[in-house]
Amino acid sequence: MTPHSPYGTDDFDSRQFRTAMGQFCTGVTVITTLDEEEKPVGFACQSFAALSLDPPLVLFCPQKTSRTWPVIEARGQFCVNVLSNRQQDVSATFGAPGADKFKSITWDPSPAGLPVLRHSLTWVECSVDSVTDGGDHWIVIGRAQILGEVLQDKPLLFYRGGYLSTEHPRVTPAQAELDNFLTWTGGDTWL
Ligand SMILES: Cc1cc2nc3c(=O)[nH]c(=O)nc-3n(C[C@H](O)[C@H](O)[C@H](O)COP(=O)(O)O)c2cc1C
C-alpha cells in the first residue's frame with residue numbers, strides 16, 4: 001500500500017502515529033495542584049477536553065510516568081489553566097521536568113488554594129471524579145467546581161509539535177448559544 005492510498009495503512013510505527021495525531025490542533029493547559037506540604041505542582045497538558053455540560057465534567061490524560069498526576073490523585077483536586085499566547089514560556093516550563101517549575105511563575109490561589117497562573121485565558125477548579133486506564137496514559141474525569149474569569153486574549157495553540165496562535169481573539173458567545181454542547185457555539189451549524 002502506498003502512503004497516498006485512500007484506504008490508509010495498518011503498517012505504522014509510533015513516530016508515524018505521533019505525526020498523524022499532530023495534525024489535530026489543540027489548545028494548551030497547565031494543570032496544577034498542591035502537594036501534601038502545600039507546595040504548588042503542575043504540568044503542561046494538551047489532552048484536555050470539555051466533556052459534559054450537565055453535570056459539568058472535563059477530562060485530561062496524564063502519562064503514567066507523570067510526577068504531577070499522583071499528587072493530583074492524592075489531593076483529589078486540580079485547577080485547569082487555559083493558556084493564552086502570552087504564555088508560551090509557561091507551557092515550556094511546565095512541559096519539561098523541573099524541580100521547581102513555579103520559581104519564575106506568578107500565580108494566585110483559587111478558592112481551594114490551587115495555583116491560578118497569571119494571564120491564563122480562564123481557569124477551572126475541579127475535583128477528581130473518576131480515573132480510567134488509557135494505555136500509557138490515564139483518562140481522568142473531573143467535575144468543575146469553580147469557574148474563573150475569562151480574559152479576552154488570544155489562545156495558545158499546539159499543532160504539529162509547535163506553537164501557534166489565532167489572528168484575533170474570538171468574542172465569547174452568548175450563554176444561550178452554548179445550550180447543546182459545551183463548545184458548540186451556534187445551533188446546529190457548529191460555527
Ligand atoms: C504543549 C504540551 C502539551 C503536553 N500535553 C501533555 C498531555 O496531554 N499529557 C501528558 O501527560 N503530558 C503532556 N505534555 C508533557 C508533560 O507536560 C511533560 O512530560 C512534563 O514534564 C510532565 O511533568 P510532570 O512529570 O511533573 O507531571 C505536554 C507538553 C507540552 C509542551
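What percentage of the 191 residues in the protein chain do buried residues make up? The answer is 25%, and the views below, all taken from a predicted model, show where some of them sit.

**View 1. The chain as a whole.** Let us start with the overall layout: the protein chain holds 3 helices and 12 strands. Among its contacts with a separation of 6 or more, 62% are between residues 24 or more positions apart.

**View 2. The largest nonpolar core.** Here we look into a core of 30 residues, where Val30, Ile31, Phe78, Val80 and Leu83 have the most contacts inside it. Several elements each supply at least two residues of this core, including the strands E2 (29-34), E3 (40-45), E6 (77-82) and E9 (122-134). Helix H2 (68-75) and helix H3 (88-94) do so as well.

**View 3. A close look at isoleucine 31.** Which residues touch isoleucine 31 once its neighbours within four places in sequence are left aside? They are Gly42, Phe43, Cys45, Phe60, Phe78 and Val80. Two of these partners, Phe78 and Val80, are listed with isoleucine 31 itself among the residues with the most contacts inside the core.

**View 4. Strand E6 and its partners.** Strand E6 is largely enclosed by the rest of the structure, because 5 of its 6 residues are buried. E2 pairs with E6 in the antiparallel sense, over 4 bridges; in this pairing valine 30 has asparagine 81 of E6 as its bridge partner. E9 also runs antiparallel to E6, and 6 bridges join the two. Look for glutamine 77, which stands opposite serine 127 in E9. As a reading aid for strands like these, side chains in a regular strand alternate between the two faces of the sheet.

**View 5. The shell around the ligand.** There are 18 residues around the ligand, and those that come nearest are Phe43, Ser47, Ser66, Thr68 and Gly95. E3 and H3 are the elements that give two or more residues to this shell, with E3 giving the most, 3 residues. By character, the shell divides into 10 nonpolar, 7 polar and 1 charged. Phe43 is worth a second glance, since this residue of the ligand shell is also in contact with isoleucine 31.

**View 6. An open sheet of 3 strands.** The strand order in this sheet is E1-E11-E12, and the pairing is antiparallel. Strand E1 (26-27) and strand E12 (162-165) stand at the edges with a single partner strand each, so one side of each has no neighbour in the sheet. E1 and strand E11 (residues 156-159) are paired over 2 bridges, and glycine 27 can be found opposite leucine 157 in E11.

**View 7. Backbone details in three loops.** Most residues other than glycine have a negative phi, and most peptide bonds are trans. Glutamate 38, in the loop between E2 and E3, has a positive phi of about 65°. Is glutamate 38 buried or exposed? Glutamate 38 is exposed, with 7 other C-beta atoms within 10 Å. Its C-alpha atom is separated by 8.7 Å from that of glycine 113, 75 residues apart along the chain. Arginine 160 lies in the loop between E11 and E12 and has a positive phi of about 50°. This arginine 160 counts as exposed, with 10 C-beta neighbours inside 10 Å. Finally, aspartate 54 and proline 55 are joined by a cis peptide bond with omega about 10°; proline 55 is placed in the loop between strand E4 (48-52) and E5.

Technical notes. Residues are numbered from 1 along each chain as its sequence is written. This is a predicted model: local features need pLDDT of at least 70, side-chain atom pairs count only at pLDDT 80 or more; totals for chains, interfaces and linings use all residues. A nonpolar core is a set of buried Ala, Val, Leu, Ile, Met, Phe, Trp, Tyr and Cys residues joined through C-beta atoms within 7 Å. A residue is buried if 20 or more other C-beta atoms lie within 10 Å of its own, exposed if 12 or fewer, and partly exposed in between; C-beta atoms are placed from the backbone. Two residues are in contact if their C-beta atoms, placed from the backbone, lie within 7 Å. A residue is near a molecule or strand if its C-beta atom, placed from the backbone, lies within 6 Å of it. Ala, Val, Leu, Ile, Met, Phe, Trp, Tyr, Cys and Pro count as nonpolar, Asp, Glu, Lys and Arg as charged, and the others, Gly among them, as polar. Two strands pair if DSSP finds at least two bridges between them.
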